[in-house]
Amino acid sequence: MRGKIFHNKIVHDTADIFSRNKWHVSLEYRYQNALVTTYFDLFAVKNSSQIACEIETTTRHLIDNARKASLTGIELWIIVPSRKLLRQAEN
């Protein structure tokens with residue numbers, strides 16, 4: 001994982017939750033289509049459902065990651081560790 005310790009812990013905890021619920025999970029998943037090549041912190045697949053996850057411990061890359069993900073057409077979950085960061089992200 002490319003993040004710092006706290007970021008990586010959240011990634012692994014999230015992966016564990018998906019895995020316990022029978023999702024196939026990939027970390028640092030490379031996704032490419034005609035519009036964009038990007039990496040998701042976590043990519044989960046179950047049957048025909050796909051969910052990309054980005055773990056954000058600051059708002060620094062939030063907008064860029066959301067923009068790139070919107071070009072993929074894949075459902076994106078942005079996971080934040082606190083209500084304070086959630087409020088900042090919503091603003």
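Visitor: What makes β2 and β3 a pair, and how many residues lie between them in the hairpin?
Guide: Strands are DSSP runs of E with at least two residues, while helices are runs of H or I with at least four, both numbered from the N terminus. Two strands pair if DSSP finds at least two bridges between them, and β2 and β3, which run antiparallel, are joined by five, so they meet that condition. One of these bridges links K46 to S49 in β3, and the hairpin has two residues between its strands. This is a predicted model, in which local features need pLDDT of at least 70 and side-chain atom pairs count only at 80 or more, whereas totals for chains, interfaces and linings use all residues. Residues are numbered from 1 along each chain as its sequence is written, and side-chain values use heavy atoms, leaving out hydrogens and water.

Visitor: Why is N47 called exposed?
Guide: Exposed means over 50% relative accessible area, buried under 20% and partly exposed in between, with a 1.4 Å probe and protein chains only; N47 has 74%, so it is exposed. N47 sits in the loop between β2 and β3, and its phi is positive, at about 55 degrees, although it is not a glycine.

Visitor: What makes β1 and β2 a pair?
Guide: They share eight bridges in the antiparallel sense, and a hairpin of four residues joins them. Q32, for example, has T37 in β2 as its bridge partner. Within β1, which covers residues 24-32, lies E28, whose phi is also positive, near 50 degrees.

Visitor: How do you know that E54 has no salt bridge?
Guide: A salt bridge needs a side-chain nitrogen of Lys or Arg within 4 Å of a carboxyl oxygen of Asp or Glu. For the buried E54, the nearest side chain of opposite charge, K68, is 6.6 Å away, so the cut-off is not met. Its side chain does reach the backbone nitrogen of D41 at 3.4 Å. E54 belongs to strand β3, residues 49-55.

Visitor: Why is the set that includes I10, W23 and I79 called a nonpolar core?
Guide: The term stands for buried Ala, Val, Leu, Ile, Met, Phe, Trp, Tyr and Cys residues joined through side-chain atoms within 4.5 Å. The largest such set has 11 residues, among them I10, F18, W23, L42, C53 and I79. α1 (5-20), β2 (37-46) and β3 each supply at least two of its residues, and α1 gives the most, with four. A second, separate core of six residues includes Y31, F40, A52 and I74.

Technical notes:
Lys and Arg count as positive and Asp and Glu as negative; His and the chain ends are not counted. A polar contact is a pair of N or O atoms within 3.5 Å; within protein, one must be able to donate a hydrogen and the other to accept it, and residues adjacent in sequence count only if both atoms are side-chain atoms.
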